[in-house]
Amino acid sequence: MFLQLWKYFIFTFVFAIFLTGCKTTINNNNKQQPLDNPPESDSKEKLLPPDCSRIVAIGDLHGDFDVAMQTLQLAGAINKTGKWIGKKLIVVQTGDILDKGDQEKKIINLFAKLKKEATKTGGAVHTLLGNHEILNFRGEFDYVTSKGFKSFAKTKISPSTYQELEPEKRGRAAAFARGGPMSSFFAQNKVILKLGKVIFVHGGLNLEHLNYGIKKINNRTSAFIKNKNKLPAIMRGNKAPTWLRYFSQNLDTTKCRRLNKVLERAGAEKMVVGHTIQKKGITSGCKGKIWRIDAGMSRYYGQRTLKIIEISNDGIKILTTERK
């Protein structure tokens with residue numbers, strides 16, 4: 001009898017300690033919730049990468065330094081002197097900083113500086129490759145202004161180089177030669193950039209691009225700019241990621257279904273593109289899954305209103321200011 005009472009006493013004591021321990025664990029972890037009632041924040045997939053609260057995307061600039069400065073200020077990325085103040089902000093410029101305007105070199109220098117400054121505060125600046133960047137590295141200068149040639153006139157070249165070109169064009173040809181001075185900046189720029197559940201590209205993406213591989217497209221295009229290989233076939237023609245306009249014009253049910261397949265394949269929820277000017281400014285389509293942000297902001301197009309987009313985990317909104 002005594003032995004049975006002793007066993008009962010030991011069992012009761014151990015069980016009480018066990019219960020007390022469970023209660024302590026639960027009380028010390030306020031994040032734990034019943035399985036049938038999870039926190040709301042955990043029930044939704046976040047749009048942005050971890051530790052990122054805000055991304056700003058800027059469309060085609062086409063050699064307009066003033067627009068670059070003003071849109072970056074609108075984004076909260078820089079102050080009036082061009083110094084980075086964005087802290088952990090991520091800026092994505094979706095390509096075509098070249099051609100049609102006179103201030104390309106100033107834009108390149110600005111972004112090169114901001115990339116370094118942003119990194120120091122935990123932010124980032126991404127400049128993508130557009131079709132006009134590729135054109136220049138192919139030696140096609142049909143959209144370059146006279147001042148655009150002059151700004152690169154002092155590039156060092158050998159006397160026997162580019163004799164087939166007019167003298168005023170030779171400096172730019174040397175600057176944008178594959179493996180030349182400008183390649184150090186542009187070779188680090190991606191064609192396709194995925195941040196969280198948002199994918200950025202200048203023209204657009206289709207399943208062919210994803211089957212080929214985002215990393216492969218980026219790496220082989222970078223190698224082309226460095227003069228280490230030819231431009232891959234998938235980057236040529238009007239279906240290249242830098243040229244595609246499929247989701248930027250005349251959206252319908254068929255196109256939206258195709259967009260859904262592309263996004264699903266890419267593991268993304270939204271696509272952001274430039275390249276195709278939207279006459280009414282920035283537009284979205286397919287229930288907000290595609291955002292077209294080429295608002296024709298360069299002086300070349302004469303727009304007075306400047307527009308960019310701000311992306312947060314709450315969604316996407318358009319930021320607007322008037323040209324100064």
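How many of the eight residues of strand 9 (residues 305–312) are buried? Seven of them are buried (under 20% relative accessible area with a 1.4 Å probe, protein chains only), so strand 9 is largely enclosed by the rest of the structure. This is a predicted model, in which local features need pLDDT of at least 70, side-chain atom pairs count only at pLDDT 80 or more, and totals for chains, interfaces and linings use all residues. Residues are numbered from 1 along each chain as its sequence is written, and side-chain values use heavy atoms, leaving out hydrogens and water.

**Strand 9 and its partners**

- Strand 1 (residues 55–58) runs antiparallel to strand 9 and is joined to it by three bridges, with A57 having I309 as its bridge partner.
- Strand 9 also pairs with strand 10 (residues 315–322) in the antiparallel sense over eight bridges, where pairing requires at least two DSSP bridges.
- Strands 9 and 10 form a hairpin with two residues between them, and S312 of strand 9 stands opposite G315 in strand 10.

**Helix 10**

- The buried residues of helix 10 (residues 253–266) are K255, C256, L259, V262, L263 and A266.
- They cover an arc of only 115 degrees around the axis (taken from the directions from the axis to the C-beta atoms), which puts them on the same side of helix 10.
- The face turned away from that buried side carries T253, R257, K261 and E264, which are exposed (over 50% relative accessible area).
- Just after helix 10, G267 takes a positive phi of about 70 degrees.

Notes. Helices (H or I, at least four residues) and strands (E, at least two) are DSSP runs, numbered from the N terminus. The expected span of a helix is 1.5 Å times one less than its number of residues.
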